Amino acid sequence: MAAKRKTWKDIVFVKGTYFDYPSLFFVVFLVMFGLMMIYSASSFVANRDFGNSTHYVVRQFVFSAIGFAGAYMVSKLKYQIFRNLTWPAYFAELALLAAVFIMGSATNGSTRWLKIAGVTFQPSEIAKLVIILYMAHVCSTRVRAMETIKGTLEIMAPAFIFIGAIAIENLSTAIICAGIAAGIWVIVTPKLRYVIIVGIIIVAGGALMISLQSYRGDRITAWLHPETSEKGYQTMQGLYAIGSGGLFGRGLGQSIQKLGFIPEAQNDMIFSIICEELGVIGAVGLIIVFLMLLWRFRFIAEGAPDRYGSLLVVGVIAHISVQVLINMCVVTNLIPNTGVTLPFISYGGTSLIFLIVEMGLVLGVSRQIEPLSKSE
């Protein structure tokens with residue numbers, strides 16, 4: 001009997017029986033928690049500036065709805081088709097970064113946004129997804145090449161160029177992209193000395209980018225001496241918020257520092273408001289939820305049907321891990337301020353939308369996991 005001929009729907013859409021509902025639960029929980037904290041952190045400033053205390057939370061809700069719609073569509077697709085989008089996405093992102101340099105709009109002194117057809121977005125946020133697609137693709141198809149230093153550098157050269165282009169406009173995003181690339185590459189590279197060589201190149205490049213911009217050096221000074229530096233005001237106010245929260249916090253909605261003391265508290269510094277209102281207990285609880293999400297993603301990565309799917313999930317794990325770690329370290333002044341948002345929690349449209357879409361990519365991989373039969 002002749003095999004049934006595949007239609008385009010069979011090629012594009014997943015028909016798997018498995019779906020990782022725990023991962024979906026953790027993502028939804030984090031987004032909803034973020035909406036609650038954005039309202040708490042921004043209501044005073046939103047009412048003062050816009051006459052509407054829900055200004056920021058309503059916008060974030062719309063962004064999250066768009067993200068979940070995109071994630072649903074991505075999760076229904078066979079992730080293998082994204083291989084064909086790797087290089088088009090790579091060059092399209094480079095074009096967007098060039099467009100920002102030429103005609104980007106500035107906010108708070110930084111030119112990182114583009115406005116196309118009335119929609120303002122931050123291209124550097126899209127770069128995180130693009131670097132995941134690129135690294136997963138090359139590291140799953142050129143395994144033998146990574147056995148030599150020449151092959152390793154050939155694979156990493158496009159990633160270096162990409163990250164360097166991002167660093168010109170947004171060093172913090174470039175650091176995250178470097179972390180994503182390293183997270184995927186270290187999993188598959190067979191040579192420890194290659195890891196050291198590539199690591200030296202990344203550190204040297206980062207030091208060069210810091211030296212080219214004086215304000216980046218000022219951030220290091222503010223990190224070392226926040227109490228005396230002109231740039232250390234936000235850091236000190238954030239530390240006051242964390243210290244005043246204690247073990248159990250002041251109570252939800254009871255933050256003092258959000259009343260104009262911490263500039264734009266709903267953005268990068270929202271973790272300090274969480275600590276102030278919910279205390280150490282609330283902060284630790286949030287960290288545990290992030291760890292549970294990453295644990296579920298590890299399960300999906302291990303169960304993926306091929307190396308490409310596994311590395312896509314590893315890239316998302318690296319993204320969330322690096323970004324959460326950097327944000328929390330900045331807020332607690334363990335590292336210099338880099339302007340990194342807290343995933344799912346901080347206010348920001350482009351960041352939230354593409355982060356949730358990444359979750360859809362992981363859930364799409366989970367749909368192709370073959371569940372064990374009852375007899376097994």
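Student: In which helix is alanine 283 found?

Tutor: In this predicted model, alanine 283 is found in helix H11, which covers residues 270-303.

Student: Why is alanine 283 called buried?

Tutor: The word buried is kept for residues under 20% relative accessible area, and alanine 283 has a relative accessible area of 7%, so alanine 283 falls within that class.

Student: Which residues does alanine 283 touch, leaving aside those up to four places away in sequence?

Tutor: Alanine 283 touches Phe271 and Cys275, and a contact of this kind means that heavy atoms lie within 4.5 Å. The C-alpha atoms of alanine 283 and phenylalanine 271 are 7.8 Å apart in space, while the two residues are 12 residues apart in sequence.

Student: What makes the pair of lysine 258 and glutamate 277 a salt bridge?

Tutor: A side-chain nitrogen of Lys or Arg has to be within 4 Å of a carboxyl oxygen of Asp or Glu, and the side chains of lysine 258 and glutamate 277 meet at 3.4 Å, N to O, so the pair qualifies. This pair links distant parts of the chain, with lysine 258 in the loop between helix H10 (233-245) and H11, and glutamate 277 in helix H11, 19 residues apart. Both lysine 258 and glutamate 277 are buried.

Student: How many salt bridges does the structure hold, and why can such side chains pair at all?

Tutor: The structure holds seven salt bridges. Side chains of opposite charge can pair when their charged atoms come close.

Student: Why do aspartate 49 and arginine 48 count as partly exposed or exposed?

Tutor: Exposed means over 50% relative accessible area, and partly exposed lies between that value and the 20% limit for buried residues. Aspartate 49, at 43%, is therefore partly exposed, whereas arginine 48, at 51%, is exposed. Aspartate 49 and arginine 48 form a salt bridge with each other, in which the closest N and O atoms are 2.9 Å apart.

Student: How do you know that glutamate 125 and lysine 128 are buried?

Tutor: The limit is again 20%; glutamate 125 stands at 11% relative accessibility and lysine 128 has a relative accessible area of 2%, so both residues are classed as buried. The side chains of glutamate 125 and lysine 128 meet in a salt bridge at 2.8 Å, N to O, and both residues lie in helix H5, three residues apart, which is about one turn of the helix.

Student: Which residues line the second largest cavity?

Tutor: Its lining is made up of Glu125, Lys128, His319, Gln323, Ser351, Phe354, Leu355 and Glu358, and the cavity has a volume of about 40 Å³. Helix H5 (123-141), helix H12 (307-331) and H13 each supply at least two of the lining residues, with the largest share, four residues, coming from H13.

Student: What makes three residues in the lining of the second largest cavity count as charged?

Tutor: Asp, Glu, Lys and Arg count as charged, and Glu125, Lys128 and Glu358 are in the lining, so these make up the three charged residues, beside two nonpolar and three polar ones.

Student: Which classes of residue make up the lining of the largest cavity?

Tutor: That lining has five nonpolar, five polar and no charged residues. Among them are Gln60, Thr341, Pro343 and Phe344, and the largest share, three residues, comes from helix H13 (residues 349-366).

Note on methods
Residues are numbered from 1 along each chain as its sequence is written. This is a predicted model: local features need pLDDT of at least 70, side-chain atom pairs count only at pLDDT 80 or more; totals for chains, interfaces and linings use all residues. Side-chain values use heavy atoms; hydrogens and water are left out. On a 1 Å grid over the protein atoms alone, a cavity is a set of points where a 1.4 Å probe fits but cannot get out, and a pocket is an open set with protein on both sides within 12 Å along at least five of seven lines; lining residues have an atom within 4 Å of a point. Grid points are joined across faces, edges and corners, and a volume is the space filled by probe spheres set on the points. Buried means under 20% relative accessible area, exposed over 50%, partly exposed in between (1.4 Å probe, protein chains only).
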